[in-house]
Amino acid sequence: MSATLGAIALGAVDASGVDWRLMNLEGWDSPDSRSEFTDREADHGAWASPVYLSSRPITLGGVIIAPSQALLEASMEQLRAAAALTDTLLTVWETSPKQAMVRRSGKLLLQYVTDTVASYSVLVTAADPRRYSTTLSTGTTALPSTTGGLAFPVTFPITFSASTVSGSISAVNSGTVDTRPVLTITGPVVAPSISALYPDGTVRQLIYSLDLASGDVLTIDTDARTVLLNGSVSRRRFLTVSTGWPTIPAGAAVTYQFQSSTYNATATLTATWRSAWM
């Protein structure tokens, strides 16, 4: 069993000969869930609320074995720094590696066993309970267009040479829980919209009411539900979310269609996402 917390590889021997043994990994199996049950009046059973996953507390425990006391003390300081109060990447090296963004959420326990051996226990919490693929998936498309085709006057045999750009991105989530992409539109483009086409035939649409000039970048984070122009200016009030934010369901593919009333060859839509597991 091995994991990486920040810059520290737990379950491995580092370049200084320090053996970071990972012996305990709690909380990686599943987060808690949140739900409510209200008893039915004059009837059996209860009314159930929607069920949501809670944040994910994770405990990492083991021993540090160092070649010298000085290296042990330096390693303990490294662990204190790695268990940061700000977002830190935790990666667990399973057959299919997965990652979560965590912060320290409890006391860091470090205890000397000998002059060169210490035990450790680190409690961190992932505010987002999903475990994500370490591979970032991405897709980019221009606006839909067709060029070429049948030329007149016609001579036989007829040759069709039309070239079509679909204007769509197929986003696949191989995990077991829905994942939420980041959608980035690069101008120039007139009042762009994005339609998410689901396997069951339903459609969710994002409509932006303003135009983007050349060089403008509009970033739509479907998890944080933010809309930022050029990385800093909020434009959330100009985005219409007609039927809900377009996530990618577990084990499914969603097609994101890029649209505008006016064609521009340099406008693009980029989607980035990671498959997610409970």
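**Salt bridges and spread in a predicted model**

Arg-180 forms a salt bridge with Asp-223, the closest N and O atoms being 2.9 Å apart. This is a predicted model, in which local features need pLDDT of at least 70 and side-chain atom pairs count only at pLDDT 80 or more, while totals for chains, interfaces and linings use all residues. Residues are numbered from 1 along each chain as its sequence is written, and side-chain values use heavy atoms, with hydrogens and water left out.

Reader: Why is the contact of Arg-180 with Asp-223 called a salt bridge?

Author: The term requires a side-chain nitrogen of Lys or Arg within 4 Å of a carboxyl oxygen of Asp or Glu; the closest N and O atoms of Arg-180 and Asp-223 are 2.9 Å apart, so the pair qualifies.

Reader: What makes Arg-131 buried or exposed?

Author: Buried means under 20% relative accessible area, exposed over 50%, and partly exposed in between (1.4 Å probe, protein chains only); Arg-131 has 11%, and therefore counts as buried. Its salt-bridge partner is Glu-94, at 3.7 Å from N to O, and Glu-94, with 29%, is partly exposed.

Reader: How do you know whether the protein chain is spread out or a compact globule?

Author: The radius of gyration, taken over C-alpha atoms, is set against a globule rule of 2.2 Å times the number of residues to the power 0.38. For 278 residues the rule gives 19 Å, whereas the protein chain has 25 Å, well over that value, so the chain is more spread out than a compact globule.
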